Each structure stands twice: as C-alpha cells, then as structure tokens.
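Colleague: Please take a close look at the pocket that ranks second by size in this model. Start from the residues around it and along the chain, and tell me how they are placed.

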Amino acid sequence: MIKKTPLILCVLTLSYFTWWVSGISHLEQIEDDQYVGKILLIYPFAGKFMLEEQWYIGKQSGDSYFYYSSSYPSNDESQMLYRIVAKYQEYFHGFRRLFGKYGITQYLIEPVDGEIQKRLFFSVETFKACDPYTNLIDTDPGTGIKIDFVCD
C-alpha cells in the first residue's frame with residue numbers, strides 16, 4: 001500500500017489539475033429583474049433554439065439556447081410567444097476564472113402555449129437585439145396576451 005500512495009497522489013493531482021484547467025462552469029438562478037414575466041414574440045427567421053453541447057454543473061438533458069442570426073430563411077413555422085420565467089448567471093471556475101468570474105447572463109423562457117420537456121435559454125446579448133413592442137395593437141390577436149418585446 002505504501003508503494004501505491006505516490007501513484008494515487010499523482011493520479012489525484014493530475015485529475016485535479018485537469019479539472020482546474022478545463023474550468024467547468026455552473027449555472028445558477030439569480031434574483032429576477034424587470035424582464036422576468038415579460039412576453040417575447042419570436043419570429044422563426046430571427047434564429048432558432050440549438051442544443052447546448054457545452055457541459056456545465058447543473059445541466060439538464062435537452063438544455064437549449066437561442067442562436068440569433070439574420071441568415072435563417074423564412075419558413076412555414078409561425079411566430080411563437082414565450083414568457084421569461086427566471087434569470088440565470090453562468091459562473092466560471094478554474095482557468096477560465098482568470099479571465100473573469102462571470103459568463104453569460106441568460107433568461108429561462110417557456111412557450112406561452114403548450115408544454116416543453118426541455119429548458120430554453122435566451123441570453124442577454126440576444127435579448128438586446130429584440131425591440132420593445134410599441135405598436136398601437138400590443139396584444140397577440142390569437143391569445144389576447146400583451147406582447148412586450150418582438151424578436152425578428
């Protein structure tokens with residue numbers, strides 16, 4: 001056992017160093033702000049939800065994020081209404097922490113109509129590309145729900 005102790009310590013040190021360099025981050029729900037509870041109208045040509053491939057502590061199966069791009073062609077899908085449910089902050093660890101403590105602030109959103117089995121995240125940077133809805137008719141004609149922001 002005594003001869004194996006240096007080997008065990010070496011493996012543990014190497015594992016910790018690898019974990020530290022990889023800088024695994026975690027996502028944490030933080031205090032709500034003025035945008036939580038607002039309704040987003042997202043047009044399909046504004047972008048799409050993509051499966052999150054990065055691993056982080058607290059990740060759930062199917063976590064997806066909204067990728068904003070003006071290069072998506074218009075398709076037959078209609079626009080969707082989403083409600084901002086909560087605000088989350090990404091925190092860095094390890095080597096990535098040397099470049100800053102915080103990652104992207106994200107909003108958890110869910111469709112107004114229907115259920116979804118995965119979490120959908122909408123980043124603050126993407127949210128800045130959405131315009132406050134100032135049209136005289138500020139409700140969705142199909143549901144009668146007040147629209148706060150339009151993402152197109």
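Modeller: Met-50 counts as partly exposed, at 29% relative accessibility. That class sits between buried, under 20% relative accessible area, and exposed, over 50% (1.4 Å probe, protein chains only). The model is predicted: local features need pLDDT of at least 70 and side-chain atom pairs pLDDT 80 or more, while totals for chains, interfaces and linings use all residues. Numbering starts from 1 along each chain as its sequence is written, and side-chain values use heavy atoms, without hydrogens and water.

Met-50 belongs to strand β3. Helices (H or I, at least four residues) and strands (E, at least two) are DSSP runs, numbered from the N terminus. Ser-64 is 14 residues from Met-50 along the chain. Their C-alpha atoms are 5.2 Å apart.

After β3, which covers 47-51, comes the loop that leads to β4. Trp-55 sits in that loop. Trp-55 is exposed, at 54% relative accessibility. Trp-55 also has a partner from another stretch of the chain: Ile-24 is 31 residues away in sequence. In space, the C-alpha atoms of Trp-55 and Ile-24 are 7.4 Å apart.

Now the pocket itself. The second largest pocket holds about 210 Å³ of space. Its lining has 13 residues. Closest to the centre are Glu-52, Tyr-65, Glu-90, Ile-104 and Gln-106. Two elements each give two or more residues to this lining: β4 (64-68) and β6 (102-111). β4 gives the most, with three residues. For the terms: on a 1 Å grid over the protein atoms alone, a pocket is an open set of points where a 1.4 Å probe fits, with protein on both sides within 12 Å along at least five of seven lines, and lining residues have an atom within 4 Å of a point. Points join across faces, edges and corners, and the volume is the space filled by probe spheres set on them.

What else does β6 hold? Thr-105 and Leu-108 both lie in that strand. Take Thr-105 to begin with. Thr-105 is buried, with a relative accessible area of 16%. Leaving out residues up to four places away in sequence, Thr-105 touches Lys-87, Tyr-88, Gln-89, Ser-123 and Val-124. A contact here means heavy atoms within 4.5 Å. From Thr-105 to Phe-121 is 16 residues along the chain. The C-alpha separation of Thr-105 and Phe-121 is 9.7 Å.

Leu-108 is buried too, with a relative accessible area of 14%. Again without residues up to four places away, Leu-108 touches Arg-83, Ile-84, Val-85, Ala-86, Tyr-88, Arg-119, Leu-120 and Phe-121. Tyr-88 thus appears in the contact lists of both Thr-105 and Leu-108. Leu-108 also leads back to the pocket. Tyr-65, one of the residues closest to the pocket centre, is 43 residues from Leu-108 in sequence. The C-alpha atoms of Tyr-65 and Leu-108 are 9.2 Å apart.

Next, the wider fold. The protein has two helices and nine strands. Read from the N terminus, the order is α-β-β-β-β-β-β-β-α-β-β. Of its 152 residues, 35% count as buried. Consider contacts between residues at least 6 apart in sequence: 64% of them join residues at least 24 apart.

Last, the cysteines. A disulfide is a covalent bond between the sulfur atoms of two cysteines. The structure holds one disulfide, taken as a pair of cysteine sulfur atoms within 2.5 Å. Which residues form the disulfide? Cys-130 and Cys-151 do, with their sulfur atoms 1.9 Å apart. Cys-130 lies in the loop between α2 (124-127) and β8 (131-132), and Cys-151 lies in strand β9 (residues 149-151), so the pair ties together parts that are 21 residues apart in sequence. The torsion about the S-S bond is about 105°, so this disulfide is right-handed. Both ends are buried: Cys-130 has a relative accessible area of 6%, and Cys-151 has 0%. Cys-10, by contrast, counts as partly exposed, at 48% relative accessibility.
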